[in-house]
Amino acid sequence: MSTFWSAWIMFLVVLNFSITLFLFVWGQFVAIPTQPDGTSGHVWAHGVLREGVRRLPLWWVLMSAGMFAIGIVYLTLYPGFGSYKGLIGWSAHDQLARESAANQARLTPVLQGFAGRSIEQLAATPEATRMGHRLFVDNCAACHGIQGRGNTSIGAPDLTDRDWLWGGSPEAITASILDGRRGTMPPFQGSIASQDIERLANYVQSLSGSPQSPSRAAEGKAQFTVCSACHGVEGKGNPALGAPNLTQPRRLYGGDLATIQQTIRNGRSGVMPAWRSRLAESDVRLIAAWVYAQSHADAAPAATAGAP
């Protein structure tokens, strides 16, 4: 902080403190003119209400005086008076550095113990999944939700099932977190007629056994040839392209017929950002372990025993 701004802050602090202290002390002794009945003479409601004059309660006076004393002590001990650092030399930066160092000292042995374990082993370790869930909440929950169940309004997939766009192996999950993913569903509004889009949407719904018109689904089967290039002839998707499995009833953007038509008509574009530059690899492994544990909870019940 420059000398000018330090002096300016000191001036403002002294000015405000002096004015408020003067008004506080002056208010205890100033004589307020009153009427013979003890009121100020101000009336409302045609004289029904009259303004009384009473001295401040002792408890209020003592409490206010205490606040002034606390303010003086605070500005003496702690920084806040310009560039003055306070008698005890405390600073938020120093406290943060000390607490971060202490936390790192406790964390390092734990992370070293995790270093030699696979993602599957970490997924079965309650302490690892507990830490992984905290990291997930801090970095991933904004899109995927606190429990990783996804958000159809933005196309964030549910991470608790086994229906994966890019594969659900530990390696694939880790790669998704580190390097991100970008999925694109092209729009077909210009190449497929509106009535054919409706028929195609019904056929897509039939692949998962979702509500649809059987007759229109049969008519739309031929149109699915265009989609099979990415989703496969049977509609089971392609993890190499991030093409979803259409035989599953859950959909990335919603599974009702109108939403399916909208997806075919206007296309979709989803982006999973890369976290390599923000998260350490050890943190990514813990997040991947928690995510893996959620999607394999039935196979390894102990994997999520430590998750909050």
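Here are a few questions and answers on the helices, cores and cysteines of this predicted model.

Q: Which helix gives the most residues to the largest nonpolar core?
A: That core has 25 residues, and Phe114, Phe136, Ile173, Ile177, Leu286, Ile287 and Val291 touch the most other members. Helices H3 (92–115), H4 (119–123), H5 (126–139), H7 (170–179) and H12 (281–295) each put in at least two residues. The top contributor, with nine residues, is H12.

Q: Which residues does Ile173 touch, leaving out those up to four places away in sequence?
A: Ile173 is among the core members that touch the most others. Skipping its sequence neighbours up to four places away, the contacts are Trp164, Gly167, Gly168, Ala288, Val291 and Tyr292.

Q: How many residues are in the other core, the one with Ala201 and Val204?
A: This core lies apart from the largest one. Its members also include Ala217 and Cys227, and the total is 14 residues.

Q: What do the buried residues of H1 pack against?
A: H1 runs over residues 3–29 and reaches 39 Å from first C-alpha to last, close to the 39 Å expected for its 27 residues. Its buried residues are Ser6, Phe24 and Gln28. They pack against helix H2 (58–77).

Q: How many disulfides does the model have?
A: A pair of cysteine sulfurs has to sit within 2.5 Å to count. Cys143 misses out because its closest cysteine sulfur, in Cys140, is 8.7 Å away. Cys227 is too far as well, with 8.6 Å to the closest one, in Cys230. The count is zero.

Q: Is Cys227 buried or exposed?
A: The cut-off for buried is under 20% relative accessible area. Cys143, at 38%, is partly exposed. Cys227 has 10% relative accessibility, so it counts as buried.

Note on methods. Residues numbered from 1 in each chain as written. Predicted model: local features only at pLDDT ≥ 70, side-chain atom pairs only at ≥ 80, totals over all residues. Heavy atoms only, no water. Core = buried A, V, L, I, M, F, W, Y, C linked by side-chain atoms within 4.5 Å. Buried < 20%, exposed > 50% of the residue type's maximum accessible area, 1.4 Å probe, protein only. Helix = DSSP H or I, 4+ residues; strand = E, 2+ residues; numbered from the N terminus. Contact = heavy atoms within 4.5 Å. Expected span 1.5 Å × (residues − 1).
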